[in-house]
Amino acid sequence: MMSTSNHLKLAAMAAVLVVAGCASKPKPAPEAPPPPPPPSSAVQGQVESTVVPGSVQDFRVNIGDTVHFEYDKYTVTSEDRDVLQRQAAWLQKYPQVRVTVEGHCDERGTREYNLALGARRANAVKEYLVNLGVSSARVGTISYGKERPICTESNESCWSQNRRGVTTITSGAATS
């Protein structure tokens with residue numbers, strides 16, 4: 001049997017272990033804040049851009065190069081007229097630039113039918129740009145039909161992305 005003094009010693013050791021286990025660890029000192037960024041020549045609130053005005057990237061990023069069409073249609077929608085108006089203004093600002101409008105379709109229909117529909121879509125975009133003052137000599141057209149999809153799933157969301165007209169710059173753009 002254990003004596004009373006051994007019981008007291010055992011109880012004291014258990015109490016010390018319990019208190020030691022509950023003690024909190026000291027928190028590490030906070031790290032120094034990162035150094036401030038170097039001063040910028042940009043005006044406060046503006047983002048510096050690496051896009052060269054008059055370049056292909058300028059056209060794609062700031063103007064937009066794609067319009068979309070309804071199923072089996074080649075008329076320019078009201079939503080896409082703004083894009084084509086911006087394209088026409090940009091092309092008038094950079095008169096040395098020549099473009100080609102690509103007509104694309106979704107996967108439904110025959111190859112021949114979609115090549116013809118793609119041609120009508122490309123011509124609809126060209127006519128819209130010409131009506132806004134762009135010289136027809138600067139705008140070529142080509143149809144890819146369903147041969148160059150950007151989305152390959154067989155559903156309406158994907159098909160609507162493939163029914164498009166894409167204005168591509170073929171010459172005269174600034175280089176970056």
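Here are four short exercises, each with a worked solution, on the predicted model shown above.

**Exercise 1. Getting an overview**

Work out how many helices and strands the protein chain has, and which pattern they follow along the sequence.

*Solution.*
- Step 1: Start by counting. The protein chain contains five helices and four strands.
- Step 2: Now read along the sequence. The elements come in the pattern α-α-β-α-β-α-β-α-β.
- Step 3: Look at how much is covered. Of the 176 residues in the protein chain, 31% are buried.
- Step 4: Turn to the outside. The protein chain exposes about 11700 Å², with 57% of this area supplied by carbon and sulfur atoms.
- Step 5: Finish with the contacts. Take those between residues at least 6 apart in sequence: 73% of them join residues at least 24 apart.

**Exercise 2. Putting the sheet together**

Find the order of the four strands in the open sheet, and decide for E2 and E3, E1 and E4, and E2 and E4 whether the pairing is parallel or antiparallel.

*Solution.*
- Step 1: A reminder helps here. Strands in a sheet are paired by backbone hydrogen bonds, in either a parallel or an antiparallel way.
- Step 2: Write down the order. The four strands lie as E1-E4-E2-E3, and the pairing is mixed. The edges are strand E1 (66–68) and strand E3 (139–145), each of which pairs on one side only. On average, neighbouring strands of this sheet are turned by 25° against each other, direction ignored.
- Step 3: Take E1 and E4. These two are antiparallel and share three bridges. One example to look for is threonine 66, whose bridge partner in E4 is valine 166.
- Step 4: Move on to E4 and E2. This pair also runs antiparallel, joined by six bridges. Glycine 103 stands opposite glycine 165 in E4.
- Step 5: End with E2 and E3. Their pairing is parallel, over six bridges. Glycine 103 has serine 143 in E3 as a bridge partner, and valine 99 has valine 139 in E3.

**Exercise 3. Adding helices and the core**

Find which strands H3 touches, and which residues have the most contacts inside the largest nonpolar core.

*Solution.*
- Step 1: Place H3 on the sheet. H3 touches E1, E2 and strand E4 (164–171), and its direction makes about 155° with that of E1.
- Step 2: Follow the chain from E2 through H4 to E3. Together they make a right-handed β-α-β unit.
- Step 3: Look for the core. The largest nonpolar core has 22 residues, and Leu84, Trp90, Leu91, Val97, Val125 and Leu129 have the most contacts inside it. At least two core residues come from each of helix H2 (56–63), helix H3 (78–93), strand E2 (98–104) and helix H4 (111–131).
- Step 4: Zoom in on leucine 84. Setting aside residues up to four places away in sequence, leucine 84 touches Val67, Val76, Val125, Tyr128, Leu129 and Leu132.

**Exercise 4. A residue in a loop**

Decide whether isoleucine 150 is buried or exposed, and find the residues in contact with isoleucine 150.

*Solution.*
- Step 1: Locate the residue. Isoleucine 150 sits in the loop between E3 and helix H5 (156–162).
- Step 2: Check the accessibility. A residue counts as exposed over 50% relative accessible area. Isoleucine 150 has 54% relative accessibility, so this residue is exposed.
- Step 3: List the contacts. Apart from neighbours within four places in sequence, isoleucine 150 is in contact with Gln161, Asn162 and Arg164.
- Step 4: Compare sequence with space. Isoleucine 150 and aspartate 106 are 44 residues apart in sequence, and their C-alpha atoms are 9.5 Å apart.

Conventions. Residues numbered from 1 in each chain as written. Predicted model: local features only at pLDDT ≥ 70, side-chain atom pairs only at ≥ 80, totals over all residues. Heavy atoms only, no water. Core = buried A, V, L, I, M, F, W, Y, C linked by side-chain atoms within 4.5 Å. Buried < 20%, exposed > 50% of the residue type's maximum accessible area, 1.4 Å probe, protein only. Contact = heavy atoms within 4.5 Å. Areas by Shrake-Rupley, 256 points an atom, 1.4 Å probe, with all protein chains shown as cover. Pairing = 2+ DSSP bridges. Axes fitted to C-alpha atoms, helices over the stretch in contact; angles between N-to-C directions. Right-handed = clockwise from strand over helix to strand, strands pointing away.
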